[in-house]
Every structure is written in structure tokens, then in C-alpha cells.
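Me: I've got a model open here and I'd like to talk it through. Can you take my questions one at a time?

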Amino acid sequence: MLEIYRSGAGSGKTYQLSITYLSLILSRPQNFRHILGITFTNKAAAELKERILSYLVCLSSEKPCERKEQILKSLKKEGLNLSETEIEDKARETLGAILHNYGEFAISTIDSFMHKVVSSFTFDLHIAHDFGIILETTPLAEETA
């Protein structure tokens, strides 16, 4: 499944991405290992990871948190058909799974993802395994002018 969200700043993209991600993993907590979230900037990737984790903490707590009702309502709207108790249990399980396997919590930038892909195929591409990427915009701009 591929979902693309395109909208302006402050429109709720991070919230919607977080809810969509949660709806996918709360039904099966180990699913986080099979989901790739890609954003454009390191700041956006870090914010998305932080938001997902904070929502899991909120949902897994028996104590009321500020946004719990809104998150639960959004998850129901997203099609997650679990009771509040089931969501709490699954959120606790998911949070534990992510924290114990944080390296598999794949939310990154397009650049980071592509670097991993190219790194996986250095032998096949006949490039050094310790290749580097240099971004020089001036020669590219001159070439296209």
C-alpha cells in the first residue's frame, strides 16, 4: 500500500501520517518493521517519529492524556476497529516492540532511504562501498542554463 499526502505547512500532515501509521501497527504491533515512512527533511522525520512515540505513550497509559480522545476518534475514523482497552494493550505492546528494536523503526528522509538503497547495491553498481555524496549545486545550475 502506498499513501502520499501533499499539503501546505500547518495543515496537519504530521498528525495524519501519525494516525495512519498507528492504525497500521496497532492491529499487529510487529508491523512497524514492514512500514517505511518517508519525509523530505530530517526535522520532519524526527518530528514524525517523536509524534508516533508520544501518541503510543498517550494511548498506552491508563491515565488520561491531553489528546487521547482526539487520537482515539481519529483512529476509529481511519478504520481501526478495536476497543479502547484493546488499543491501550496494543499501544503498550507496540511501544515496547519499537523501543527494543528501534533500528527497525523506519521513518527517514528520501535522501537517507536512497543512500541505504544505493549502499546495498555498491557491488552491483561497481562503486566503492564507502562512497560519498557531494552536492554541488553550482555545476548543476550552470549545466542546465
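Me: How far apart are the end C-alpha atoms of helix α1 (residues 13–26), and what span should its 14 residues give?

Reply: Bear in mind that this is a predicted model. At 1.5 Å a residue, the 14 residues of α1 should span 20 Å. The ends agree with that, because their C-alpha atoms are 20 Å apart.

Me: Which elements do the buried residues of α1 pack against?

Reply: The buried residues of this helix include Tyr15, Ile19, Tyr21, Leu22 and Leu26. What the buried residues of α1 pack against is α2 (42–60), α3 (68–77), α4 (84–100) and β2 (107–109).

Me: Which residues form an aromatic cluster with Tyr21?

Reply: Tyr21 and Phe105 have ring centres 5.9 Å apart and planes at 65°, so they pair edge-to-face. That pair links distant parts of the chain, with Tyr21 in helix α1 and Phe105 in the loop between α4 and β2, 84 residues apart. Phe105 also pairs edge-to-face with Tyr102, with centres 5.7 Å apart and planes at 65°. The cluster partners of Tyr21 are therefore Tyr102 and Phe105.

Me: Is Tyr102 buried or partly exposed?

Reply: Tyr21 is buried at 4% relative accessibility, and Phe105 is buried at 2%. For Tyr102 the relative accessible area is 39%, so the call is partly exposed.

Me: Which cysteine does Cys58 join in a disulfide?

Reply: The count comes to 1 disulfide. Cys58 is buried at 9% relative accessible area, while its partner is partly exposed at 26%. With S to S at 1.5 Å, the partner is Cys65.

Methods:
Residues are numbered from 1 along each chain as its sequence is written. This is a predicted model: local features need pLDDT of at least 70, side-chain atom pairs count only at pLDDT 80 or more; totals for chains, interfaces and linings use all residues. Side-chain values use heavy atoms; hydrogens and water are left out. Helices (H or I, at least four residues) and strands (E, at least two) are DSSP runs, numbered from the N terminus. The expected span of a helix is 1.5 Å times one less than its number of residues. Buried means under 20% relative accessible area, exposed over 50%, partly exposed in between (1.4 Å probe, protein chains only). Contact means heavy atoms within 4.5 Å. A disulfide is a pair of cysteine sulfur atoms within 2.5 Å. Rings of Phe, Tyr and Trp (its six-membered ring) pair if their centres lie within 6.5 Å; planes under 30 degrees apart count as stacked, over 60 as edge-to-face and the rest as tilted.
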